[in-house]
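Here is a friendly walk through one model, with its sequence and coordinates shown just below. Please keep the viewer open as you read.

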Amino acid sequence: MPIGSSQLRMEMASDRSLLVYFGEQIELHTHEHVRKFVRLLEREPIAGVRNVQPAYCSVLLDFDPLKLAHRDVERAVRDRVERLDKVALPAPRKVEIPTCYDGEFAPDLVQVARLRGMAPEGVAELHASALYIVYFLGFVPGFAYMGGLPPELETPRLATPRRAVAAGSVGIADNQTGVYPVATPGGWRIIGRTPLAMFRADRENMSYLEIGDHVRFVPIPPDRFAELARGAR
Amino acid sequence: MASSLLVREPGLLTSVQDLGRPGVGPLGVSPGGAADPVSLRLGNWLVGNPAGAAGLEMTLTGGTFEFPDTTVVVLAGADFNASVEGATIEPWRPIQLRAGQSLRVGRSRAAARCYLCVRGGIEVPLVMGSASTDLPSKLGGFEGRALRVGDVLGIGEASGGTVRGKKLDPEALDRLFERNVLRVTRGPQAGWFSGESMRALSETAFRVGEQSDRQGLRLEGARLAQGSKSRMISEGVSLGAIQVTPDGTPIILFVDQQTTGGYVKLANVISADLHRVGQLRPRDEIRFEPVSIARAVDRYKEQEHFLGELMPE
């Protein structure tokens with residue numbers, strides 16, 4: 001679906017940044033516009049734009065105010081948005097994330113099951129049965145915001161965020177799922193953990209996941225987790 | 001590595017910082033960098049380094065550093081009561097340390113951050129093009145963390161810039177670092193707030209909360225109620241955004257901020273004032289002055305012009 005001029009909205013976020021909105025809801029076609037726009041910016045960067053931050057429906061452009069004014073950036077954005085239809089996106093990568101849904105790796109699994117009136121095994125099974133799409137990376141390096149959570153699993157964030165969530169933790173919040181790449185404070189409910197290193201600055205593909213990936217979680221037992229964790233180091 | 005520096009005392013929170021790593025937003029990586037980049041640039045100029053050379057950023061209480069070789073250094077930013085063998089070292093004055101001497105950096109007199117700039121710059125492996133330490137993500141800098149006792153950091157080759165005869169006018173510095181009033185432009189969700197909240201932001205004195213760091217500064221004073229109850233979808237956040245949590249607490253998002261967030265943003269600190277945010281301490285009292293985007297851009301251009309005149313070459 002081509003983007004209509006009515007859907008495109010731009011807001012000055014600061015004296016050196018512009019927010020470009022491609023829609024007002026989390027939807028796949030909006031996500032596709034975001035992806036195409038980011039891809040076009042990689043090929044045809046706007047001189048003076050220093051940072052590009054995609055999200056669900058928007059892209060934040062941070063620029064050098066000594067070189068560009070907002071109206072220059074807006075013009076450059078419109079010029080590119082008009083050509084979004086012609087941008088071909090590569091076929092999504094299919095990525096698997098081995099995940100252990102047991103015991104200490106899943107501190108919130110039982111509570112999620114209770115909140116949703118299911119058995120804990122049912123939560124794990126359902127989470128591992130769905131196909132997820134990476135909408136964008138944000139929050140911390142390599143954290144992928146994924147959509148496609150089965151509605152039966154939708155659960156609000158914890159009322160009080162944890163002070164420390166272990167690296168590799170698989171969490172859910174509302175209708176999203178994600179994996180914490182580093183130990184960090186966090187409010188998502190943790191239902192499993194992967195032994196994979198989701199982000200490493202010292203490898204070619206620093207982030208294990210990228211925008212647009214199709215992701216499946218593959219259940220593994222604790223001994224397999226230990227084996228893979230040794231290999232990841 | 002031309003020479004080195006030994007950390008005898010790390011201080012409260014000391015990390016390697018340069019001007020950051022913009023351009024990696026699509027990976028979820030924050031640009032980061034020095035909390036007060038203006039001080040870092042001035043310090044680098046004073047010791048003949050390129051503006052973006054890496055230095056040590058100290059917070060509230062500095063450390064003690066030993067130099068096995070003769071080294072030219074300067075302290076830039078807040079006055080942290082520094083000394084060498086009992087003799088006071090003023091900020092903004094380059095000094096030459098003899099081999100084996102230690103620089104003791106004490107406690108802040110007034111503002112939050114002091115930079116140790118070393119001729120040749122601090123040498124660490126660059127991560128995504130930058131030496132900056134991203135503390136929450138444990139990336140870059142020296143092993144991705146704050147410095148500890150016993151760390152040995154490399155110092156690079158001097159790049160040929162001069163040291164001799166460089167001075168900064170104290171009055172010019174006072175003007176650059178005045179920080180009781182921060183100017184702000186409207187944030188992307190300013191329209192979601194009532195006029196009262198905008199007024200409260202500009203008419204109330206706020207105190208910088210104790211739980212403030214490089215990720216964000218919590219502000220105490222007025223609670224800012226959100227008028228409309230629209231549902232916010234996570235989006236990219238710009239440096240210096242003033243986001244408001246559901247309980248009405250304003251938070252200035254700072255250099256180690258998360259790249260995206262789901263809280264509404266009422267206002268944004270202007271580019272010309274961001275380095276002043278880096279000098280705010282817990283309990284400091286501040287006010288906000290709303291300005292237009294056009295005025296904010298003018299202030300930034302004037303300030304950059306002024307900095308250019310301060311640092312000829």
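How many cavities of 30 Å³ or more does the structure hold? The answer for this predicted model is one. That enclosed space has a volume of about 70 Å³. Thirteen residues is the size of its lining, and the closest to the centre are Phe139(A), Val140(A), Ser137(B), Asp256(B) and Gln257(B). If you colour the lining by class, you will find four nonpolar, seven polar and two charged residues.

**An open space to compare**

The second largest pocket has a volume of about 810 Å³. Its lining is made of 32 residues, and those nearest the centre are Arg16(A), Arg50(A), Leu19(B), Pro37(B) and Leu239(B). Several elements supply at least two lining residues each: from chain A these are β3 and β4, and from chain B they are α1 (37-46), α4 (274-277) and α5 (293-310).

The table sets out the classes of residue for both linings and for the side of chain A that touches chain B.

| Group of residues | Nonpolar | Polar | Charged |
|---|---|---|---|
| Lining of the largest cavity | four residues | seven residues | two residues |
| Lining of the second largest pocket | 15 residues | 11 residues | six residues |
| Side of chain A that touches chain B | 24 residues | 10 residues | five residues |

**Where the chains meet**

The size of an interface is often given as the accessible area lost when the parts come together. Here chain A and chain B bury about 3100 Å² between them, with 62% of that area on carbon and sulfur atoms. On the chain A side, the residues that lose the most area to chain B are Asp15(A), Leu66(A) and Phe139(A), which together account for 18% of what that side buries. Phe139(A) is a name you have met already, as one of the residues closest to the centre of the largest cavity.

The contact draws 39 residues from chain A and 40 residues from chain B. What is the count of salt bridges between chain A and chain B? It is zero. The count of residue pairs in polar contact between chain A and chain B, with both residues at pLDDT 80 or more, is 12. Strands β1 (9-14), β2 (17-21), β3 (49-54), β4 (58-63) and β6 (132-137) of chain A are the elements that give two or more residues to the side touching chain B. Of that side, β3(A) provides the largest share, five residues. Both β3 and β4 of chain A also appear among the elements that line the second largest pocket.

**Two places within chain A**

Over all chains, the structure holds 31 salt bridges. One of them joins the side chains of Arg224(A) and Glu227(A), at 2.9 Å from N to O. Both partners belong to helix α5 (residues 222-232) of chain A, where they sit three residues apart, about one turn of the helix.

For a last stop, look at Pro156(A), in the loop between β7 (144-147) and β8 (162-165) of chain A. Setting aside neighbours within four places in sequence, Pro156(A) is in contact with Asp174(A) and Arg189(A). Val112(A) lies 44 residues from Pro156(A) along the chain, and their C-alpha atoms are separated by 9.6 Å.

Key. Residues numbered from 1 in each chain as written. Chains lettered and ligands numbered in written order. Heavy atoms only, no water. Contact = heavy atoms within 4.5 Å. Buried area = accessible area lost by both parts, 1.4 Å probe. Salt bridge = Lys/Arg side-chain N within 4 Å of Asp/Glu carboxyl O. Polar contact = N/O pair within 3.5 Å; in protein donor to acceptor, adjacent residues only side chain to side chain. Helix = DSSP H or I, 4+ residues; strand = E, 2+ residues; numbered from the N terminus. Nonpolar A, V, L, I, M, F, W, Y, C, P; charged D, E, K, R; others polar. 1 Å grid on protein atoms, 1.4 Å probe; cavity = no way out; pocket = protein on both sides within 12 Å on 5 of 7 lines; lining within 4 Å. Points joined across faces, edges and corners; volume = space filled by probe spheres on them.
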